[in-house]
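Work through the exercises below with the structure open. Each one sets a task and then solves it step by step.

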Amino acid sequence: MAQRSTTSQARLDRLADALGSGTFADVKRMLNGLPAADVAHLLESSPPKFRHILWQMVELDNEGDVINELGDELRAHFLSDMDAAEVAQITEHLQDDDLADILQQLPDRITREVLDSMDHRDRARLEQVMTYPDDTAGGLMSTDTITIRPPLTFDVVLRYLRRHTEIPAMTDNLIVVNRNDQFIGLLPLNTLLVSDPSSTVREMMVTDIAPIPAWMPDDEVARLFERNDWVSAPVVDDNGRLLGRITIDDVVDVIREDADHSLTSMAGLAEDTDTFAPVVHTASRRAVWLGINLATAFLAASVINLFQDTIEKVVALAVLMPIVASMGGIAGTQTLTVMVRGIALGQVSKNNESWLINREVAVGALNGMLWASVVAAAASLWFGDWHLGLIIALAMVINLVTAAFTGAALPLLLKRMKIDPALAGGVVLTTVTDVVGFFSFLGLATWFYA
């Protein structure tokens, strides 16, 4: 795998050099010799003016595979220039789950025209996938499966498989169903290949693996695959009828998208943000989040303004108060990150919420006392006033305990309110730690020096 990755990267580097030198004939030849995933990576890694040149060089037979590998934003950009006939032509060989993802980004009129151009069987299979949201098991699944019945002998099953020109990718099990297409169990291919041909499916099938409900959220599906080391898994409806299967490649996409979401949400960005998006488009997306942050900054500034007279009396307060807010912000972010990660991994539940909150508050108190003593000593020596050291120490303990409690409880509250903790948690937490930090420090100073 490492050898293959190195070779692929070397080819991409040569292609980039050829593109920079303007030798487009070499670019086209090398471009269409790359795997679709590498072409998509090159497109996403190129500025807009080069993207259109590269896309025009992609051969028609490869366009569907490349489109399928692109991120949502860039994929939608290229699809917007196509009519229904072009979409149908380049996507006719894609699996139904991949095609469903593409069609859901198109206007309803074009989607309907693409569906109408299909034969009845393919259209029915695709419409079945499209009835489920793309963030559920039903939206992830492919209907391309091989099913068998319990009474069959292995000899018959092998003859049945040989009648296929190919079997679906990542087929590690054959799915056992009854006459009503209800899921019964799985027959591993390795069991089929090494067992006595006279054995029956009923004797050797595995029945202790539960199928995945079609409405299960995709993050729960990813956790099941990770926990059980699955390559594929069957998907059923509410009546236990087999609908399709999910394969590990789709689960990897879910894991990657969730990771992107967690990373970009903390900065208030969409997970499909294009690295090379135009300036105006990028600025408009970020402006909203900056505006929200500005409003919270004014709130913190208004707290400082309440103690303007105290700050004028003791100028050292202005020097030291950012320390209190900064330490609270870091401590709260640490707790928030742990809790958001725990929620994403499905480790946080009603049974352990109280324990986690108490644990984080205890951690905040211990760290607060530790660093409060350090800051108190430094402030006392710096300004020659031990009272000032005591004030900042008390304020720091208060703020770190508050930050720990807020960082632990806030994600749980936001989750119950159906708000993404990764997206909204950071701004709310920073506001709380700034306000509490400034208020506690300046409030204690006002009370002491009054």
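**Exercise 1. Classify aspartate 237 as buried or exposed, and find its charged partner.**

Step 1. Take the cut-offs: buried is under 20% relative accessible area, exposed is over 50%, and partly exposed lies in between (1.4 Å probe, protein chains only). Aspartate 237 has 16% relative accessibility, so it counts as buried.

Step 2. Apply the salt-bridge rule: a side-chain nitrogen of Lys or Arg within 4 Å of a carboxyl oxygen of Asp or Glu. Aspartate 237 meets this with arginine 241, the closest N and O atoms being 3.4 Å apart.

Step 3. Check the partner. Arginine 241 is partly exposed, at 35%.

The model is predicted: local features need pLDDT of at least 70, side-chain atom pairs count only at pLDDT 80 or more, and totals for chains, interfaces and linings use all residues. Residues are numbered from 1 along each chain as its sequence is written, and side-chain values use heavy atoms, with hydrogens and water left out.

**Exercise 2. Survey the other salt bridges: how many does the rule give?**

Step 1. The count comes to 7 salt bridges.

Step 2. Look at arginine 159 and aspartate 155. Their closest N and O atoms are 2.6 Å apart. Both belong to helix H12 (residues 154-162); they sit 4 residues apart, so about one helical turn separates them. (Helices are DSSP runs of H or I with at least four residues, strands are E runs of at least two, and numbering starts from the N terminus.) Arginine 159 is partly exposed at 45%. Aspartate 155 is partly exposed at 34%.

Step 3. Turn to arginine 359 and glutamate 360, which meet at 2.8 Å, N to O. Arginine 359 is partly exposed at 31%, while glutamate 360 is buried at 7%.

Step 4. Shared partners join Arg112, Asp116 and Glu127 into one salt-bridge network.

**Exercise 3. Place isoleucine 212 in its sheet and in its core.**

Step 1. Find the sheet. Three strands form an open sheet in the order S4-S5-S6, with mixed pairing. Strand S4 (212-213) and strand S6 (242-247) are the edges, each pairing on one side only.

Step 2. Find the pairing, which requires at least two DSSP bridges between two strands. S4 and strand S5 (residues 232-236) run parallel over 2 bridges. The bridge partner of isoleucine 212 in S5 is valine 235.

Step 3. List contacts (heavy atoms within 4.5 Å). Beyond its neighbours within four places in sequence, isoleucine 212 touches residues including Val221, Trp230, Val236 and Ile246.

Step 4. Find the core. A nonpolar core is a set of buried Ala, Val, Leu, Ile, Met, Phe, Trp, Tyr and Cys residues joined through side-chain atoms within 4.5 Å. The largest has 51 residues; Leu43, Ile67, Ile212, Val221 and Ile246 have the most contacts inside it. A second, separate core of 27 residues includes Ala300, Val324, Ala379 and Leu388.

**Exercise 4. Describe the hairpin of S2 and S3.**

Step 1. Strand S2 (residues 173-177) pairs with S3 in the antiparallel sense over 5 bridges. Isoleucine 175 stands opposite leucine 186 in S3.

Step 2. The hairpin has 5 residues between its strands, and aspartate 181 in the turn has a positive phi of about 65°.

Step 3. Strand S3 (residues 183-188) is largely enclosed by the rest of the structure, because 5 of its 6 residues are buried.
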